[in-house]
Amino acid sequence: QSCLSRQQLLAAIRQMQQLLKGQETRFSEGLRAVRSRLSTIHASLAKATPELPAASCPALRAPEDGRKFGTKYLVDHEVHFACDPGFQLLGSSTRMCQANGSWTGQEPRCAEISECSSSPCQNGGTCLEGLKHFKCLCPPQWTGTTCQYQAQTAPPTWSVTDDLAFSRQPRCAQIAQTQQCSCDPGFHMSGTASNGICQDLNECEVYQQEGGPRLCAHACVNIPGSFRCSCPTGYVLLGDGKSCEDIDECSLSQDNCTSGTTCINTGGGFQCITPQCPPAAGNVSYVKTSTFQCERNPCPMESRSCHQAPKTISFHYLSLPSKLQTPAPLFRMATAAAPGRPGPDSLRFGIAGGNNRGHFVVQRSDRHTGELLLVQSLQGPRTIHVDVDMAEYLDRVFQTKHLSKITLFVSAYEF
């Protein structure tokens, strides 16, 4: 029995060994299959992975008063810049996008070209700057656009020759066997060294060229060796010698308005006004409560037309310079609730009448305020009327209306 058991045990061991060997073979085959599968997956993933997009750089803008050429901001792409006529490019005219996402060069900008920066005036001439042009003031014995020629007998076009006050003898001295002549400031040498004459430089003409600097706000008067500015009637010259300021005839009691009228100062003058309430019409009538305001008399309960008429009419007078830059705010209307009464919860503003209405718009500046804007410039002298109304609503129900009658006195001048 013992011998039989030993044989059975050996057989079982051999059986187990074969089983284990088979398991090991299958495991090795499975491992090789897994490795092969992983290799296949890696290969397919490597093929399927798309190429990363090329790096790009931040967008570039055209410089002010200039232009930009090029709309792609990828690596190795270039963008070019140029300035408008009358401007020069400072910075880089070409910038290239680098792999690190930054641009080469410096940010470009366009600077106005200074005609005098290149020192065009020769032989000690003084350069006068203008818009896209220059003029040389030449020293004695030199003439020409850049003082490149010896002075000739013909006087310059901007000299005054027909008045003796505008001509002077030059100051001459003998220096090293050579006669040297010079003129006072504000005068220009005309003629040759032997018969030269100092003639006045007309500064008003020199600076009057198109685009040149403006010497005076109004009028330039040439005087021997210099100039002076003048202002129109009704204006006074300020301390800077060139600006004009309106004279307020009303506050200085320089007006001739009669009793019962009110003086309104205007550019260069004044107006005598007498605001009048509109005449009674039907159930609507007004009473004057102050110099510049009328109030509607109480309405009959059944008169809808009376309730729809403006409750108040106010008069306003504004003085404007000619060619005022637009848009320009001119006038504001606002509402205020009476004590103990709820105020309106909404307002409506509009232009109710007047001449030249197309020059104006009314816009809401906040919940309880409307603003009259000038949107088209006005050329003076002229008088413009515009009426602005403000309607009050409570719970979408009309309550009342206020009318502002505005008169604009537009000056003949831009100051």
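## A partly exposed isoleucine in helix 1

I13 has a relative accessibility of 40% and therefore counts as partly exposed, a class that lies between the buried limit of under 20% and the exposed limit of over 50%. In this predicted model, I13 belongs to helix 1, which spans residues 2–48.

On the surface, I13 is joined by L9 and L10 in a nonpolar patch, and the three residues together present about 270 Å² of accessible area. Membership of such a patch requires over 30% relative accessible area, and the 40% computed for I13 is in keeping with that cut-off.

## V75 and its contacts across the sequence

V75 is placed in the loop that runs between strand 1 (66–69) and strand 2 (78–83). When residues up to four places away in sequence are set aside, V75 touches A55 as well as the run of C97, Q98 and A99.

For one of these partners, A99, a backbone distance is also available: its C-alpha atom and that of V75 are separated by 5.6 Å, although the two residues are 24 residues apart along the chain.

## Two cis peptide bonds preceding proline

The peptide bond leading from T326 to P327 is cis, with an omega value near -5°. P327 itself is located in the loop between strand 24 (312–320) and strand 25 (328–334).

A cis peptide bond also joins G380 and P381, where omega is about 0°. Here the proline, P381, sits in the loop that links strand 28 (369–374) with strand 29 (382–394).

## Positive phi angles between strands 29 and 30

The loop between strand 29 and strand 30 (397–410) contains D395, and R396 lies in the loop between these strands as well. D395 is not a glycine, yet its phi is positive, at about 55°; R396, likewise not a glycine, has a positive phi of about 65°.

Both side chains can also be described by their accessibility. D395 has a relative accessible area of 61% and is therefore classed as exposed, while R396, with a relative accessible area of 80%, is exposed as well; the class applies because exposed means over 50% relative accessible area. The loop between strand 29 and strand 30 thus holds D395 and R396, with positive phi values of about 55° for D395 and about 65° for R396.

Definitions and conventions: Residues are numbered from 1 along each chain as its sequence is written. This is a predicted model: local features need pLDDT of at least 70, side-chain atom pairs count only at pLDDT 80 or more; totals for chains, interfaces and linings use all residues. Side-chain values use heavy atoms; hydrogens and water are left out. Patches are made of residues with over 30% relative accessible area and no salt bridge: like charges are joined within 9 Å, nonpolar side chains (Val, Leu, Ile, Met, Phe, Trp, Tyr) within 5 Å. Accessible areas come from the Shrake-Rupley method with a 1.4 Å probe; for residues, only the protein chains shown count as cover. A salt bridge is a side-chain nitrogen of Lys or Arg within 4 Å of a carboxyl oxygen of Asp or Glu. Helices (H or I, at least four residues) and strands (E, at least two) are DSSP runs, numbered from the N terminus. Buried means under 20% relative accessible area, exposed over 50%, partly exposed in between (1.4 Å probe, protein chains only). Contact means heavy atoms within 4.5 Å.
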